[in-house]
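Work through the following exercises with the sequence and the model side by side, and attempt each task before reading its solution.

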Amino acid sequence: MKIQPATELYRKLPAVDELVREPAIRSLAESCGHEVVIGSARSVLARLREEIASGRLDESAVKLALSGLSAAIESEVRRSLKYSLRPVINATGVILHTNLGRAPLSETALEHVRETAAGYSNLEFDLERGARSKRDVHVDRLFRRLLYEEGSASATNSSTIVVNNNAAAVLLVLNTVADGGEVIVSRGELVEIGGSFRIPDVMAKSGAILREVGTTNRTRISDYERAMTERTRLLLRVHRSNFEITGFTEEASTADLVALAHWRGIPLMEDLGSGALFDLRSVGISGEPGVLDSLRSGVDVVTYSGDKLLGGPQAGLISGNSELVARMRSNSLFRALRVDKLTYAALESTLLAYVRRDHDAIPVVRMMRLSREDVGRRAEALAKQIVSPNLKCEIVDGESLLGGGAAPSCVLPTRLMALSCEGLAAEELCAKLRAGDPATVARVEDGRVLLDLRTVFPEQDAALAGNFARICG
Ligand SMILES: *Cc1c(COP(=O)(O)O)cnc(C)c1O
């Protein structure tokens, strides 16, 4: 076949002005916006011109493309108006998956966000007195109840404030208490948490001077004691979160640190990272300090994330001695780091679930409490739904991870679906699952795709089955 010169084929392409006068495109512009439609028309035409230039299209191919022009523009418009941020199915079994948005919010939390954020609220307004008030009150009362009244002393002497995330919480405490002074930290705790949160860097930004003591594997209470001078403002303990030190190790006990700090009249801070408000021992995980354990043992101020084991919105919580916390609230940095009404609403609702002891209302806690058998039963049921001649599915033992900066050894026994699809490498099958709607994120191990339903909401099982039907026929 004779290929026409490109210039002649170009001439067959309509002008954008001409295109937008066509009824189909005009009605598209009415519903989706004129600018978007013109932009999409331009990019569809540009693509066509490129293909012509590359010599890939002959006259009949151009004709065919022109007959489908409005459809192509419409799908381009739809594509450009789609959300970039969208839900995915987390089949990795990592409960607090930082890349997948950490803690999912409960239905009641979302409802509370919706009803308070859709209109006006009493965020900083005391309805009884008809006067201005503080946004902290909405959650401080609940933290008081959860952290103090139920067990330990001094409820009146303790409070909690909320900032944007735990990194901000650490920055605010260090800047308030130790700007220009020294903070003593064990060399075994100078951690980096995912996304470039490094203790020495945050320390430098806060204006505090890092005073490292001990060695990577061993730090004793006497190391802290020897390092204390008149410039010392704070003793800091940092939860290692994402790694462990094993073997020939030693660290000062919290009780010894509390005793030393109080003897010298200096506050002790603990950066907990993931602040569990429920007893992890109840799901078989020990050695992870909860917020309550830490405060009860006499630590003056603790910092933790709202969207890790607490299971709420992204936030940084600072709980502890009222006088210290009041100093942080009056630091001008606090104004820059504070959170909005959406966060307060989601946090208030999450905390109320703890007050009601309705732990299963909080998605991450519910997921942690699922037994290996619970997950296994759902896996068996789903396996039956996705049978296809070229798909092999086995149910095997495995482990779910807490993730999100909880100790790496914190695993929960689970049952996994191990899948292989004929004619598809595991990586390819994984990529196809990611291309689904909703996208499914799974892991690959030993040439098989592994799905852990612990982190999949039961109401997503059907969508997951649909995803497989599409891929494996
Ligand atoms: C996760 C973590 C942080 C950072 O918390 P974000 O809420 O992600 O800012 C800081 N310190 C420790 C010990 C952590 O585990």
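The expected span of a helix is 1.5 Å times one less than its number of residues, where helices (H or I, at least four residues) and strands (E, at least two) are DSSP runs numbered from the N terminus. This is a predicted model, in which local features need pLDDT of at least 70 and side-chain atom pairs count only at pLDDT 80 or more, while totals for chains, interfaces and linings use all residues. Residues are numbered from 1 along each chain as its sequence is written, and side-chain values use heavy atoms, with hydrogens and water left out.

**Exercise 1.** Compare the expected and actual span of helix α18 (residues 372-385), then locate its buried side.

*Solution.* At 1.5 Å a residue, the 14 residues of α18 should span 20 Å, and the end C-alpha atoms are 20 Å apart, which agrees. Next, V375, G376, R378, A379, L382 and A383 are buried (under 20% relative accessible area with a 1.4 Å probe, protein chains only; exposed is over 50%, partly exposed in between). These residues cover an arc (that of the directions from the helix axis to the C-beta atoms) of only 165°, which puts them on the same side of α18. The face turned away from that buried side carries the exposed residues R377 and K384. Finally, the buried residues pack (heavy atoms within 4.5 Å) against β14, β15, β18 and α20.

**Exercise 2.** Determine which polar contacts the side chain of D58 makes.

*Solution.* Begin with the location of D58, in the loop between α4 (34-53) and α5 (59-67). The D58 side chain then makes a polar contact of 3.1 Å with the side chain of S60 (a pair of N or O atoms within 3.5 Å; within protein, one must be able to donate a hydrogen and the other to accept it, and residues adjacent in sequence count only if both atoms are side-chain atoms). The side chain of D58 also reaches the backbone nitrogen of A61 at 2.9 Å.
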